[in-house]
Amino acid sequence: MNILICVKQVPDTTEIKVDPVTNTLMRAGVPSIVNPFDACALETAARIKDETPDTKIVIVSMGPEQAKVALTECLAVGADRAYLISGRGFGGSDTLATSYILSCAVRKLEELEGKFDIIFCGKQAIDGDTAQVGPELAEHLGLAQVTCALEAKTNGNTVQVRRKTERGSEILGVEMPCLITMTKTAYEPRYASSRKKREVAKQEIPTLDENSFEIDLTRAGLKGSPTKVKKTFTIPQNSTGVIFHEATERQSTISLFELLVKGNILQLGVRYGNE
Amino acid sequence: MEMNSSNLWVFIETNEKGQAHNVGLELLNPGHSLSRAQGDEVVAIVIGQHTEAAVASAEAYGSDRIIIVEGEEYARYSTDAFAYAFHALITKYAPTSILIGATDLGRDLAPRLACRLKTGLTADCTELDFDEESGNIAWTRPAFGGNLMARILCPNHRPQIGTVRPAVFKKPEQDTSHKAEIVREEIHFSIENIRTKLIEEILDADNETIDLEGAEIIVSGGRGVGGPDGFKVIQQLADALGGTVGASRVAVDSGWISSAHQVGQTGKTVRPRIYIACGISGAIQHLAAMSSSDTIIAINTDPEAPIFKIADYGIVGDLFKVIPEFIALIDEQILTMAV
Ligand SMILES: Cc1cc2nc3c(=O)[nH]c(=O)nc-3n(C[C@H](O)[C@H](O)[C@H](O)COP(=O)(O)OP(=O)(O)OC[C@H]3O[C@@H](n4cnc5c(N)ncnc54)[C@H](O)[C@@H]3O)c2cc1C
Ligand SMILES: Nc1ncnc2c1ncn2[C@@H]1O[C@H](COP(=O)(O)O)[C@@H](O)[C@H]1O
């Protein structure tokens, strides 16, 4: 089994705060992490490898040199090989351009590492939150896709994927090769041992740039991106609410209740809801 | 219908019974205001095996035209068959803009379609308007877990496509006498060529009874609820108000309540009349999906909890003391009214 995982290094958005004065993101000091959904993809691949030990796990990430830190983390957790895709013509890519670049890189990686049976992506990257790169990569490569997977297991030449749906979940069977995007799994991603961390610290991570594989550069970067960000802004969060903090909960509750009834927010005698 | 009509399309997602998902009907609303700005018409797209119910809804909620694709291969959603049919329609009619619900289905289909068309897609929008200056739709969406909003244009490619979160827009007024022009298209995709096969469907036990997106009142519990027993208290308040129970991800991940109840970035987006957050700190991933509720009420022991920043009303206090008092007050009031 030959598995490729697309991993993005992202700022830990749970640590990001909005500056209350300037209303801009305070990104300084925010740690960079492996996108959590990509970590779920790696764990799922590692579980497939536990079952089928002759599985190879290859990681690819497009980003700046610094993203090698994320790649090294993946190697420490159990990936076999890692590649960084980095080039000046790649900056400013939207999802269509990113997925195009990744698709060109995947073709090159298949020359180096052999055909991939499964390509995993995270459901979405927690910085952009688009959930588009996975399906768009599948389209570029002409692969079958399953999105929002909770679990994936191989069985002969098919993968059984449990996928989240609005009503619960469904198990789909899909033949390899295919592309699967993982959402948060019920199981936690495994940790790297310190021995493994020391071992992979020296492992070389090759960088592929625009000269390393065939690519139409007019379809990459800013100029290859159909969507343009016109502006970004934050929503100021000023508390204007009426908050009660009286001597006892009973007093606070009575005060709040009176206000809600007076303001006609709670209309007594009338019951709302789903009939 | 003209071949080169410059229309705005709304995808009417259907459920397993062939009924329209609310989000498609909601999108007819901004669909109308956006297409009017461009002098266009709103076309609803319905793909399924039995489409009567969804077509009737799309008509009553004000579509100018409805394009229907029917076939047994569309009985269940599959990426392969739906992307094929939708793409064939777009190639034939060349719409200017397409709105799709940002549901699990919509977010599976839209990127596949956008990539096949080599056009731009803006995911998970929470605001839509018309950018007069450039003549494009301005798609506004949250990024960085809801910390940052981005306004995005797709100036040089058509169609411009966006997925829009459920419950962001209200459905238009229903008018059962409204008539739409109906167009049927014969587009077929061989079932054998659908590469994903359904093996088994696992329904959440309480899925049928939980309608967070349609709820008028939601009472949500988080880590502060402390365990599955704590959720009985949340349920009692919801019952007293005729509301539905929601939850934070911590509560769901801890196994206190099923995931059908989760509100947030990885759960449902909601917009009830009243949202009561009990023992929820107000992490950005939670706020992103409930902050447009009409009235937000927070109950939390920590006066510094971020939820108080967006709450219209709140009590700093223990939810296990506040909620029983609250229920007692409701019962008392209803009692005096009954006398
Ligand atoms: C990619 C990603 C996606 C996510 N998606 C979601 C999502 O969809 N939905 C979601 O909710 N979260 C999501 N999260 C998690 C989110 O960041 C927070 O961890 C989570 O919302 C916190 O839940 P909480 O408020 O219940 O718990 P906490 O943050 O621990 O807050 C508990 C609160 O309860 C209060 N409390 C304790 N005891 C009492 C009491 N007796 N009475 C009253 N108050 C009390 C405390 O003061 C505290 O403020 C996501 C995170 C990531 C990284
Ligand atoms: N720059 C990148 N390098 C590698 N993988 C990526 C990159 N951007 C996105 N992905 C993959 O695509 C998934 C979805 O990302 P997005 O569409 O940006 O939300 C991520 O979880 C990754 O698996």
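Reader: Which backbone atom does a nitrogen atom of ligand 2 sit 2.8 Å from?

Author: That nitrogen atom of ligand 2 is 2.8 Å from a polar backbone atom of Met62(A), a polar contact being a pair of N or O atoms within 3.5 Å, where within protein one must be able to donate a hydrogen and the other to accept it, and residues adjacent in sequence count only if both atoms are side-chain atoms. This is a predicted model, in which local features need pLDDT of at least 70 and side-chain atom pairs count only at pLDDT 80 or more, while totals for chains, interfaces and linings use all residues. Residues are numbered from 1 along each chain as its sequence is written, chains are lettered from A and ligands numbered from 1 in the order in which they are written, and side-chain values use heavy atoms, with hydrogens and water left out.

Reader: And what do the oxygen atoms of ligand 2 pair with?

Author: One oxygen atom of ligand 2 is 2.9 Å from a polar backbone atom of Gly122(A), and a polar side-chain atom of Thr130(A) lies 2.7 Å from an oxygen atom of the ligand. The protein covers 97% of the 480 Å² of accessible area that ligand 2 has on its own, as computed by the Shrake-Rupley method with a 1.4 Å probe, where for residues only the protein chains shown count as cover.

Reader: Switching over, where does ligand 1 lie?

Author: Ligand 1 lies between chains A and B. Of the 29 residues around it (a heavy atom within 4 Å), those that come nearest include Arg223(B), Ser248(B) and Asn300(B).

Reader: Which side chain is 2.8 Å from a nitrogen atom of ligand 1?

Author: That is Asp318(B), through a polar side-chain atom, whereas Gln265(B) offers a polar backbone atom 2.9 Å from an oxygen atom of ligand 1. Taken alone, ligand 1 exposes 990 Å², and the protein buries 82% of that.

Reader: OK, chain B itself: how is it divided?

Author: Chain B is divided into domain 1 (8-193) and domain 2 (205-331), with bounds from an automatic or database domain assignment, and the C-alpha centres of the two domains lie 31 Å apart.

Reader: How much area is buried between these domains of chain B?

Author: About 880 Å² is buried between domain 1 and domain 2 of chain B, and carbon and sulfur atoms give 45% of it; buried area here is the accessible area (1.4 Å probe) that two parts lose on being put together, summed over both. In domain 1 of chain B, Gly145(B), Arg165(B) and Ala167(B) lose the most area to domain 2, together 48% of what that side buries.
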